[in-house]
Amino acid sequence: YLAMAAAKRGASCLGLILALAARWAWQKEQLDFSTVHARPLLPGGKPLPCSAWFSRHVACAGQEILEESTNLAEEARKPLLMLRDLLTVEEVDNLLSLAENTSYTSKENEDNPVVTQVQAIANEGVWHRSSPLAPVIQPIVEERLLPYMRQEFNSSSLIAFEVLLRRYTSDKQRDFRVHFDHNAFATAIIDLTPCEGSGLYVGLGPDAASQFFVPFSSPRDVAIHGWDVVHGVRLCKGH
């Protein structure tokens, strides 16, 4: 999935890691209730109530995008944000085609609990011109996603510090333990081959009973969370 990360047409997922220090302020505003179904991580787990989700329309590069969100803490602001259809159908098709015909490495920059086939598209704020995906991803990030995240996280200094394309294969790499993105201020993820009840999951805490799969409804969606949101990856067979 494009961390922004990828899995087989197989489960290709783009994941964008945005970093830098900034003050995170809570700004209360009027939101509408939204109906979102998020499957629990455990077969017998309790699903997040649909009433816990809210929606509003936000401006991204001159167009209105539906934002659906829920808060993952009782006494603090710890949101999971979903931007619906931020990417176009053509952009997704282009990314999938490029992802299947690009080179990957298994080397991770740091002690990362998620070890997959990966391609770095940007690192330390610098875009890799050698990556065929950079020309497609950069305008999505810089013109649509980054301005939204700067406003949402109340930080004009937020930059796209690292952009990764990950490829997951369910026959070899099916489960990655929960962790925090301690080296980023916030993270955005695009799952290019979403599958209900599979892939990225988040939680209200370390207890698996409180965790649920992020409800991607299409490969055009983007999920965003702060560094302090516990999350992991679990692939069902065939994803």
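A salt bridge is taken here as a side-chain nitrogen of Lys or Arg within 4 Å of a carboxyl oxygen of Asp or Glu. In the predicted model described here, D85 and R220 satisfy this criterion, with their closest N and O atoms 3.9 Å apart. Because D85 belongs to the loop between β5 and α2 and R220 to the loop between β12 and β13, the pair ties together parts that are 135 residues apart in sequence. D85 is partly exposed, at a relative accessible area of 34%, and R220 is likewise partly exposed, at 25% relative accessibility.

In total, eight salt bridges were identified by this rule. One of them joins the side chains of E196 and R39, with an N to O distance of 3.4 Å. This contact links distant parts of the chain: E196 is located in the loop between β10 and β11 and R39 in the loop between β2 and β3, 157 residues apart. E196 is exposed, its relative accessible area being 57%, whereas R39 is partly exposed, with a value of 45%.

Another salt bridge is formed by E67 and R56, whose closest N and O atoms are 2.8 Å apart. Here E67 lies in strand β4 and R56 in strand β3, a separation of 11 residues. E67 has a relative accessibility of 3% and therefore counts as buried. R56 is also buried, with a relative accessible area of 19%; the cut-off for this class is under 20%. Both residues take part in a network of salt bridges that links R56, E67, R77 and E152.

Strand β5, comprising residues 79-84, is mostly covered, six of its six residues being buried. P79, L81 and L83 point one way from the strand, while L80, M82 and R84 point the other way, and all are buried. On the side of strand pairing, β5 is joined to strand β4 (residues 63-71) by six bridges, and the two run antiparallel. Within β4, E68 stands opposite M82 of β5. Strand β5 also pairs with strand β13 (residues 222-226), again in the antiparallel sense, over four bridges. In that pairing, L83 stands opposite V222 of β13.

L83 and V222 recur in the description of the nonpolar interior. The largest nonpolar core contains 35 residues, of which L83, M149, V222 and I224 touch the most other members. Two or more residues are given to this core by each of β3, β5, α2, β6 (117-123), α3 (134-152), β8 (159-167), β10 (186-191) and β13. The greatest contribution is that of α3, which provides eight residues. A second, separate core is made up of 14 residues, including W53, I189, L200 and A223.

Helix α2, one of the contributors to the largest core, consists of the 12 residues 89-100, and at 1.5 Å a residue it should span 16 Å; the end C-alpha atoms are 17 Å apart, which agrees. The buried residues of this helix are E91, V92, L95, L96 and A99. These residues cover an arc of only 130 degrees around the axis, and therefore lie on the same side of α2. An α-helix has 3.6 residues a turn, so residues three or four places apart point the same way.

Aromatic contacts were also examined, and a search of the whole structure found three aromatic pairs. In one of them, the rings of W53 and F212 have their centres 6.5 Å apart and their planes at 75 degrees, so the arrangement is edge-to-face. This pair links distant parts of the chain, W53 being in the loop between β2 (32-33) and β3 (54-60) and F212 in strand β12 (residues 211-213), 159 residues apart. Both W53 and F212 are buried. The rings of Y201 and F213 form another edge-to-face pair, because their centres are 6.2 Å apart and their planes stand at 80 degrees. Y201 lies in strand β11 (residues 199-203) and F213 in strand β12, so this contact ties together parts that are 12 residues apart in sequence. Y201 is buried, as is F213.

Key. Residues numbered from 1 in each chain as written. Predicted model: local features only at pLDDT ≥ 70, side-chain atom pairs only at ≥ 80, totals over all residues. Heavy atoms only, no water. Expected span 1.5 Å × (residues − 1). Buried < 20%, exposed > 50% of the residue type's maximum accessible area, 1.4 Å probe, protein only. Arc of directions from axis to C-beta. Pairing = 2+ DSSP bridges. Phe/Tyr/Trp six-rings, centres within 6.5 Å; stacked < 30°, edge-to-face > 60°. Core = buried A, V, L, I, M, F, W, Y, C linked by side-chain atoms within 4.5 Å.
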